Amino acid sequence: MSPHAVPPTPGSPHQGIDFTKFAVTRNAFLPDESPVPVLSHPYYTPWEAVGQNLAALIDEGTIRHVIDQLPVLSVDKLASEPEWRRAYTMLAFMTHAYVWGGDEPKEILPPQISVPFLQVSAHVELPPVLTYAAANLWNFTCDGDDFSDLDKLSVCFSFTGTESESWFLLISVAMEAKAAGILQTMTAALEAVKARDYDGVVRGLEELRRCIDSVARLLERMYEKCDPMTFYHRIRPFLAGSQNMAAAGLPRGVLYDEGGAAAGSTWRQLRGGSNGQSSLIQFFDVVLGVDHRGHGDGKHASFHDEVREYMPGPHRRFLVQVARMGSIRELAMVGAAPQRLRDAYTAATTALTAFRQKHISIVTRYIVIPSRQPWQGKRGTHNLASSSSTANEDEQLTGTGGTALVPFLKKARDETTEAGKLQRRQ
């Protein structure tokens with residue numbers, strides 16, 4: 001547990017939400033305790049043998065052959081929710097290693113993965129793909145209780161076995177942990193909105209601004225141990241999903257072969273893992289009332305709404321519940337609201353805008369610039385994830401989540417800035 005964590009206290013005056021119902025812990029959206037390091041039943045040894053050696057099997061070019069030789073295992077011996085999460089994470093990594101772990105992508109996922117992965121995914125209420133939950137929330141171990149201490153964290157699964165990949169994934173873990181307690185703080189602030197407790201709302205907003213600033217400082221540490229060229233050419237290809245990947249060799253997506261007569265086998269086009277699937281970042285938006293409009297004319301669901309389906313079920317239901325609690329932004333726009341409330345609100349949205357600008361800078365350094373540079377190292381002749389770009393222009397680069405990367409990030413930043421102006425939306 002993070003030393004800054006604030007445990008939920010059921011029955012407290014400002015307790016408007018039962019956090020345990022939504023799998024919100026003292027570490028925010030991370031587990032309460034470090035994820036289990038191994039599935040306890042020896043029956044799952046075949047999975048563990050592959051999952052714990054992914055990088056070597058990919059390097060040797062044998063990953064697909066080894067997975068093809070696996071038995072189709074039952075999920076009946078998974079003993080706890082942490083084990084279900086580890087199974088989901090391991091099968092997600094194995095799925096992406098199988099699809100992207102060769103010179104060309106594989107369109108058909110064999111029953112050895114498809115059958116158990118579909119069952120595990122249904123249990124944890126997530127799509128059968130490498131989500132942010134699999135890559136980050138549930139893919140770490142910690143030597144101690146402070147999940148925000150990068151020196152104490154290590155990954156469970158890795159495609160490349162590189163320090164760059166571990167650092168990239170663990171930065172997000174530390175960022176999530178750094179926000180421990182802010183969910184309780186801000187739901188209390190939303191309760192204060194109902195009572196017109198301006199001081200309570202201001203205190204919450206000031207704490208939120210400090211939280212966002214501390215998360216942003218962790219994001220800036222990406223540069224310390226993650227090499228941009230290694231990330232772009234070796235790591236990023238494995239993060240891609242099967243949506244908008246026709247140019248990369250998956251025009252129909254991926255067929256999840258369920259074996260037998262294959263009556264239930266389905267072609268699926270799914271987004272890959274991305275930080276857009278972080279419930280924490282969406283929580284910031286929800287409590288600040290940042291409006292991310294839909295595509296085109298605004299009549300369609302926004303990317304932010306769509307990717308909630310890529311969050312664990314309890315987490316996305318939590319965001320819906322929080323959105324129903326009231327609006328700090330609306331309160332700040334009321335004529336009787338004190339200036340200190342408006343100032344605190346604007347400061348919090350400014351911090352979130354600055355965070356999003358830092359994210360754009362990261363993307364520029366780790367994706368835009370490397371996309372223009374040739375790669376001479378290992379496994380870089382065909383960057384599968386970036387093949388989805390149809391042009392060399394930066395504006396056409398596609399993110400692993402399936403969006404037009406740079407325009408999407410700039411739009412999210414600008415919408416955050418707009419919210420901070422405290423003007424009625426058109």
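1. Among contacts in the chain between residues at least 6 apart in sequence, what share join residues at least 24 apart? In this predicted model, that share is 79%. The chain is built from 17 helices and 5 strands, and buried residues account for 57% of its 426 residues.

2. On confidence, the pLDDT averages 88 over the chain, and 86% of the residues reach a score of at least 70. Two stretches deserve a separate remark. Residues 1–14 stay under 50 in pLDDT, although the model places 26 contacts beyond four places in sequence for them. Residues 387–395 likewise have a pLDDT below 50, and this stretch has 19 contacts beyond near neighbours in sequence. Where pLDDT is low, the predicted coordinates should not be read in detail.

3. The largest nonpolar core holds 137 residues, and the members that touch the most others are Trp-47, Met-94, Ile-182, Leu-205, Phe-283, Phe-284 and Phe-318. Helix 16, which covers residues 339–371, is the element that gives the most to this core, contributing 13 residues.

4. Ile-182, one of those core members, can be followed further through its contacts. With neighbours within four places in sequence set aside, Ile-182 is in contact with Glu-207, Leu-208, Cys-211, Leu-280, Phe-283 and Phe-284. Phe-283 and Phe-284 therefore have heavy atoms within 4.5 Å of Ile-182, and both phenylalanines are also named among the core residues that touch the most other members.

5. The largest pocket has a volume of about 380 Å³. It is lined by 22 residues, of which Ala-23, Pro-31, Glu-81, Arg-85 and Trp-138 are the closest to its centre. Helix 4 (81–100), helix 5 (111–124) and helix 14 (313–323) are the elements that give two or more residues to this lining, and helix 4 provides the largest share, with 4 residues. By class, the lining of the largest pocket comprises 12 nonpolar, 4 polar and 6 charged residues.

6. The second largest pocket has a volume of about 270 Å³, and its lining consists of 20 residues, with Asp-285, Val-286, Gly-289, Val-290 and Asp-291 lying nearest its centre. At least two lining residues come from each of helix 12 (279–288), helix 13 (303–306) and helix 15 (328–333), while helix 12 gives the most, with 5 residues. The lining of this second largest pocket divides into 6 nonpolar, 7 polar and 7 charged residues.

7. Turning to enclosed space, the structure holds 4 cavities of 30 Å³ or more, and the second largest of the cavities has a volume of about 70 Å³. Its lining is made up of Thr-95, His-96, Val-99, Trp-100, Val-129, Ala-240, Gly-241, Ser-242, Val-254 and Tyr-256. The elements that supply two or more of these residues are helix 4 and strand 4 (254–256), with helix 4 giving the most, 4 residues. By class, this cavity lining has 6 nonpolar and 4 polar residues, and no charged residues.

8. Helix 4 recurs in these points: it gives the largest share of the lining of the largest pocket, and it also gives the most to the lining of the second largest cavity. Helix 12 has the corresponding place in the second largest pocket, where it gives the most residues to the lining.

Definitions and conventions: Residues numbered from 1 in each chain as written. Predicted model: local features only at pLDDT ≥ 70, side-chain atom pairs only at ≥ 80, totals over all residues. Heavy atoms only, no water. Core = buried A, V, L, I, M, F, W, Y, C linked by side-chain atoms within 4.5 Å. Buried < 20%, exposed > 50% of the residue type's maximum accessible area, 1.4 Å probe, protein only. pLDDT = per-residue confidence, 0-100. 1 Å grid on protein atoms, 1.4 Å probe; cavity = no way out; pocket = protein on both sides within 12 Å on 5 of 7 lines; lining within 4 Å. Points joined across faces, edges and corners; volume = space filled by probe spheres on them. Nonpolar A, V, L, I, M, F, W, Y, C, P; charged D, E, K, R; others polar.
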